[in-house]
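Open the model in your viewer and keep the selection tool at hand. The tour goes stop by stop.

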Amino acid sequence: MIYLKSPTEIAVMRKNGAILKAALEKARDMATPGAVTKDIDAAIEKLLLDAGAKPAFKGFQGYPASTCISINEEVVHGMPTERTLKEGDICGVDIGVWKDGYYADGARTFAIGKISAAAKKLLDVTSEALDRGIAQARAGRRLTDISHAVESYATGLGYAVVKTLVGHGIGRQMHEEPQVPNFGPPDQGPELEEGLVIAIEPMVNIGASDVFTKEDGWTIVTADKSLSAHFEDTVAITQGGPEILTR
Ligand code: MG
């Protein structure tokens, strides 16, 4: 069941998206060589609570932290620890916000100090893949037009997209229908309608597409240990086109 949102509901989600944007900016500012990932998590949690919001990930299926912080070959769902970020790392920070009955979800992957040209290119390509997916989020298009735009851009440049994890509808639940894959042929799935709100979240690898879950039960890594990047925004389909709620 797909729940379309009224303008009133989208207005609430827009406010939550603005809180998330501030949280992502805080994460960006903190993600520097020498930073401890647990400290970033604590600062984000404080920012969300101070804004009257709740960290949506904390307690979700037993998840222990407020953010997911995934470094280098870690794709998503990395847990904040005592680990220190090093010059040359890439660091994905994924944040969920809940306030006034609605969720927002967003992620960025940051360069830690000076990074390799290959890592920089991966970040640029993943971010651009997200933008190309968002550009398809228009009433009258179909769901997999987003998927196809993401995949064709990334694979066209020699990268692989992760297929076992997908974007999702979002609203009163963090994960609603429809699923939003980052791959597939265009022009399939439900027709996109005004009021649909989705989290689009490409995960792009330098190497192969395959991933697995580490022994901690959460952290997903690339099978070939290649670098992986993740960018995510919560996007509302409006009369005027896609509105990115988390930027
Ligand atoms: Mg998500």
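Select His 77 to begin. Is this residue buried, exposed or partly exposed? His 77 has a relative accessible area of 26%, so it counts as partly exposed. Bear in mind that this is a predicted model. His 77 sits in the loop between strand 3 (74–76) and strand 4. Check its backbone: phi is positive, about 65 degrees, although the residue is not a glycine. Most residues other than glycine have a negative phi.

**The pocket**

Stay with His 77 and show its surroundings. It is one of the residues nearest the centre of the largest pocket. Add Phe 60, Leu 165, Met 174 and His 175, which also lie nearest that centre. How many residues line this pocket? The lining has 19 residues. The space inside is about 400 Å³. Colour the lining by class: 10 residues are nonpolar, five are polar and four are charged.

**A cis bond**

Next, select Glu 177 and Pro 178. The peptide bond between them is cis, with omega about 0 degrees. Pro 178 belongs to strand 8 (residues 176–180). Most peptide bonds are trans.

**A second positive phi**

Jump to the loop between strand 4 and strand 5, and pick Asp 100 there. Its phi is near 50 degrees, a positive value in a residue other than glycine. Is Asp 100 buried or exposed? The relative accessibility of Asp 100 is 53%, so it counts as exposed; the cut-off for exposed is over 50%.

**The largest nonpolar core**

Now go inside. Nonpolar side chains tend to be buried together in soluble globular proteins. Select Leu 85, Ile 95 and Val 97: within the largest nonpolar core, of 21 residues, these touch the most other members. Which elements give two or more residues to this core? Show helix 1 (7–30), helix 2 (37–50), strand 2 (67–71), strand 4 (90–99) and strand 5 (102–111). Helix 1 supplies the largest share, five residues.

Centre the view on Ile 95 and list its contacts, leaving out residues up to four places away in sequence. Leu 20, Ala 23 and Leu 24 are among them. So are Ile 44, Leu 48, Phe 57 and Thr 67. Ala 104, Asp 105 and Gly 106 complete the list.

**The second core**

Finish on Phe 57, one of the residues that Ile 95 touches. Phe 57 belongs to a second, separate core of 15 residues. Add Tyr 63, Ala 65 and Ala 236, which are also included in this second core.

How values were computed
Residues numbered from 1 in each chain as written. Predicted model: local features only at pLDDT ≥ 70, side-chain atom pairs only at ≥ 80, totals over all residues. Heavy atoms only, no water. 1 Å grid on protein atoms, 1.4 Å probe; cavity = no way out; pocket = protein on both sides within 12 Å on 5 of 7 lines; lining within 4 Å. Points joined across faces, edges and corners; volume = space filled by probe spheres on them. Nonpolar A, V, L, I, M, F, W, Y, C, P; charged D, E, K, R; others polar. Core = buried A, V, L, I, M, F, W, Y, C linked by side-chain atoms within 4.5 Å. Buried < 20%, exposed > 50% of the residue type's maximum accessible area, 1.4 Å probe, protein only. Helix = DSSP H or I, 4+ residues; strand = E, 2+ residues; numbered from the N terminus. Contact = heavy atoms within 4.5 Å.
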